[in-house]
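Colleague: Please take a close look at how nonpolar side chains are arranged here, both inside and on the surface, and walk me through that part slowly.

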Amino acid sequence: GIRKYGLFFGLMIFVAIPLPATGAWTGCVAAFLFGMKFRYSFPSIALGVLIASIVVTIITYGAATVIGFF
């Protein structure tokens, strides 16, 4: 119950942080080390990558808008 879903959301948030060494590859290693089943780890990592890509897109477009403003 809590362990399964806690790991799901924890892994998703870890992968969603757009910093070096917190991406999908490291998420796969973490899922393996925690013994997560594929059916839980794959969606968790996929959602994390999606969230990270949205965050990076927003930051990039925001920076481009600010630079273009000046």
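Modeller: What follows goes from the interior to the surface, and each term is explained where it first appears.

The model is a predicted one, in which local features need pLDDT of at least 70 and side-chain atom pairs count only at pLDDT 80 or more, while totals for chains, interfaces and linings use all residues. Residues are numbered from 1 along each chain as its sequence is written, and side-chain values use heavy atoms, with hydrogens and water left out.

Let us start with the interior, where the largest nonpolar core has eight residues, namely Leu7, Leu11, Val15, Ala30, Ala31, Met36, Tyr40 and Ile45. A nonpolar core is a set of buried Ala, Val, Leu, Ile, Met, Phe, Trp, Tyr and Cys residues joined through side-chain atoms within 4.5 Å; buried means under 20% relative accessible area, exposed means over 50%, and partly exposed lies in between, using a 1.4 Å probe and protein chains only. At least two residues of this core come from each of H1, helix H2 (24-33) and H3, and H1 gives the most, with three residues. A helix here is a DSSP run of H or I with at least four residues, numbered from the N terminus. In soluble globular proteins, nonpolar side chains tend to be buried together.

Two serines of helix H3 touch residues of this core. Ser41 lies in helix H3 and counts as buried because its relative accessibility is 7%. Leaving out residues up to four places away in sequence, Ser41 touches Leu11, Ala31 and Met36, where a contact means heavy atoms within 4.5 Å. Ser44 is also found in helix H3, which covers residues 38-69, and its relative accessible area of 0% makes it buried. With neighbours within four places in sequence set aside, the contacts of Ser44 are Phe8, Leu11 and Met12.

Phe8 leads us to the aromatic rings, for the structure holds two aromatic pairs. Rings of Phe, Tyr and Trp (its six-membered ring) pair if their centres lie within 6.5 Å, and planes under 30 degrees apart count as stacked, over 60 as edge-to-face and the rest as tilted. The rings of Phe8 and Phe9 have centres 5.2 Å apart and planes at 85 degrees, so this pair is edge-to-face. Phe8 is buried, at 13% relative accessible area, whereas Phe9 is partly exposed, at 46%. The rings of Phe38 and Phe42 have centres 5.5 Å apart and planes at 25 degrees, and therefore count as stacked. Both Phe38 and Phe42 lie in helix H3, four residues apart, which is about one turn of the helix, and Phe38 is exposed, with a relative accessible area of 63%.

Phe9 takes us out to the surface, where Tyr5, Phe9, Ile13, Ile17 and Leu19 form a nonpolar patch with about 510 Å² of accessible area together. Nonpolar side chains (Val, Leu, Ile, Met, Phe, Trp, Tyr) are joined into a patch within 5 Å and like charges within 9 Å, from residues with over 30% relative accessible area and no salt bridge, a salt bridge being a side-chain nitrogen of Lys or Arg within 4 Å of a carboxyl oxygen of Asp or Glu. The areas come from the Shrake-Rupley method with a 1.4 Å probe, and for residues only the protein chains shown count as cover. Within this patch, Tyr5 lies in helix H1, residues 2-16, and is partly exposed at 45% relative accessibility. Ile13 lies in helix H1 too, but is exposed, with a relative accessible area of 51%.
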